[in-house]
Amino acid sequence: MTHYIPEDLPDRIRHFIDGEFVDSVGGETFDVLDPVSNETYVQAAAGQQADIDLAVAAAKRAFDDGPWPRMLPRQRSRVLHRIADLIEARDARLAELETFDTGLPITQALGQAQRAAENFRFFADLIVAQRDDTYKVPGRQVNYVNRKPIGVAGLITPWNTPFMLESWKLAPALATGNTVVLKPAEFTPLSASLWAEIFREAGVPDGVFNLVNGLGEEAGDALVKHPDVPLISFTGESRTGQIIFGNAAPFLKGLSMELGGKSPAVVFADADIESALDATVFGVFSLNGERCTAGSRVLVERPIYEDFVARYAARAKNIVVGDPHDPKTEVGALVHPEHYEKVMSYVEIGKGEGRLVAGGGRPEGLETGNYVAPTVFADVSPDARIFQEEIFGPVVAITPFDTDEEALELANNTRYGLAAYIWTNNLKRAHNFAQSVEAGMVWLNSNNVRDLRTPFGGVKASGLGHEGGYRSIDFYTDQQAVHITL
Ligand code: NAD
């Protein structure tokens, strides 16, 4: 298979601190691999405490003395719209770099780049339309909310759809007048370096955006423990979230935690089966299955179960796995050999826990690279590891149920609670189920498409707090109450 390598790759990935690209103070680096060859294609600066100290100091200066927090919302909004324009203008370049670095199919990476632009446009509009509470007690008191940016926000992001997930935090943090230090995931640092050029060209003042690459246990840890960073917005594994929660506790930091998932897709016999098949196949195999909201447990009502499993398996077998840069590809290469090993180990575990009806290993003809055939296990019991644990790859567990009560019990039978998908044409059942299911987000008879105004977040081990729309504005601002006696 040909291996596409984008032109003009950087010779080194550096930090971006106070408007300058810089190496680590001590010169430390780490290797970055591409997931098709698994060879090192570049070295990235490995941030340590000293680099985080410099980045936080720059961000603090920009917050304390710079123009950014003091600009009118309309002025910041103009800069954010310029950022969106610049992302759109280079969406093809962004997609090719993202695909090269992550192994995501190119068509899906392009969609994610466009979504990143949309995130900036959305918050650009929201801050100029922002209104806050005012209350009057006639003859006695007037009260109003004075909303203020908080300071230096620490943003720590994962390797799945990295550029888009970074935009999700950068846009509201900057829109509200904070300054930031971003620590992107070490598996996928390539696209993040484009932020620096984009922000510079859009007119973001030096020090407002700072980027420190590096390992979670080094750069990420130093950011979490820095006393001048009052806010940490984290997206990643639940286990990492627990560590960060503990490390931030002595400082009483503001925390937003978007964590893992093992979301159920529940298909009742009265559903539109064709649509349910399309959506549940897409729901776990798009983005290589490396998606926090993947519907990785499909629960199917008994009367349609065997037919559904057979049709599901047939579709999974038809999914095109291959070179991430080929527009025909539907599942590309998993991000990193370590992650590939993890997913493959679950495929082996699944063979002892369920009935393998599609996939089950490396696809034929793809001898190198982190490729996994879309894998479907049926008859998976709720105590199976592949039912309980987040695999984060193209692997799905299908389980039958007989009653609404059993479906709900199965849906809620994990530590996670991020998303749930429900397929039924019974309106009452759909709403009742939605209200009882332990999930931060529910999609009824619909694909995972989110209106940017709605809250995003999970319950149980899937997270704390919400991002999205006004919830992001709330997270990145202090709401001071001012009371005036009349
Ligand atoms: P991860 O937890 O391994 O890493 C995420 C980030 O945290 C990386 O930048 C990493 O360097 C950093 N990190 C690691 N240890 C740290 C520490 N001790 N202190 C500070 N930072 C540290 O997660 P991942 O493997 O990159 O991403 C996949 C996970 O993210 C999955 O569990 C997935 O479900 C989750 N995710 C959740 C959402 C959501 O919105 N709920 C979205 C995308 C991904």
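**Exercise 1. In the open sheet of seven strands, find the strand order and the edge strands.**

Solution.
Step 1. Read the order across the open sheet of seven strands: 14-15-16-13-12-18-19. The pairing is mixed. The model is predicted.
Step 2. Look for strands that pair on one side only. These are strand 14 (355-358) and strand 19 (441-444), the edge strands.
Step 3. Add the twist. From one strand to the next, it averages 20 degrees.

**Exercise 2. Describe how strand 12 is joined to strand 13, and which helix packs on the sheet there.**

Solution.
Step 1. Locate the strands. Strand 12 covers residues 264-267, and strand 13 covers residues 297-301.
Step 2. Take their direction and their links. The two run parallel, and four bridges join them.
Step 3. Pick one bridge. Proline 264 has arginine 297 of strand 13 as its partner.
Step 4. Now add the helix. Helix 10 (residues 302-318) packs on the sheet. It touches strand 12, strand 13, strand 14, strand 15 (375-378) and strand 16 (395-401). Its direction makes about 140 degrees with that of strand 13.
Step 5. Turn to helix 11 (residues 337-351). This helix lies across strand 14, strand 15 and strand 16. Relative to strand 16, it runs at about 30 degrees.

**Exercise 3. Work out which parts of domain 1 touch domain 2.**

Solution.
Step 1. Set the bounds. The domain assignment gives domain 1 as 12-259 + 462-482 and domain 2 as 264-444.
Step 2. Place the domains. Their C-alpha centres lie 31 Å apart.
Step 3. Count the contact. Domain 1 puts in 20 residues and domain 2 puts in 23 residues.
Step 4. Name the helices on the domain 1 side. Helix 3 (91-102) and helix 4 each supply at least two residues. Helix 4 gives the most, with three residues.
Step 5. Sort the domain 1 side by residue type. Eight residues are nonpolar, 12 are polar and none is charged.

**Exercise 4. Explain why the largest nonpolar core lies between the two domains.**

Solution.
Step 1. Start with the core itself. It has 143 residues. Leu80, Val180, Val181, Val266, Val267 and Ile398 have the most contacts inside it.
Step 2. Find the main contributor. Helix 4 (residues 106-129) gives the largest share, 11 residues.
Step 3. Draw the conclusion. Domain 1 and domain 2 both give residues to this core, so it lies between them.
Step 4. Check one residue. Beyond its neighbours within four places in sequence, leucine 80 is in contact with Phe120, Phe123, Ala124, Ala171, Leu174 and Ala175.
Step 5. Recall the wider rule. Nonpolar side chains tend to be buried together in soluble globular proteins.

Notes. Residues are numbered from 1 along each chain as its sequence is written. This is a predicted model: local features need pLDDT of at least 70, side-chain atom pairs count only at pLDDT 80 or more; totals for chains, interfaces and linings use all residues. A nonpolar core is a set of buried Ala, Val, Leu, Ile, Met, Phe, Trp, Tyr and Cys residues joined through C-beta atoms within 7 Å. A residue is buried if 20 or more other C-beta atoms lie within 10 Å of its own, exposed if 12 or fewer, and partly exposed in between; C-beta atoms are placed from the backbone. Domain bounds come from an automatic or database domain assignment. Two residues are in contact if their C-beta atoms, placed from the backbone, lie within 7 Å. Two strands pair if DSSP finds at least two bridges between them. Axes are lines fitted to C-alpha atoms, for helices over the stretch in contact, and angles run from 0 to 180 degrees between N-to-C directions. Ala, Val, Leu, Ile, Met, Phe, Trp, Tyr, Cys and Pro count as nonpolar, Asp, Glu, Lys and Arg as charged, and the others, Gly among them, as polar.
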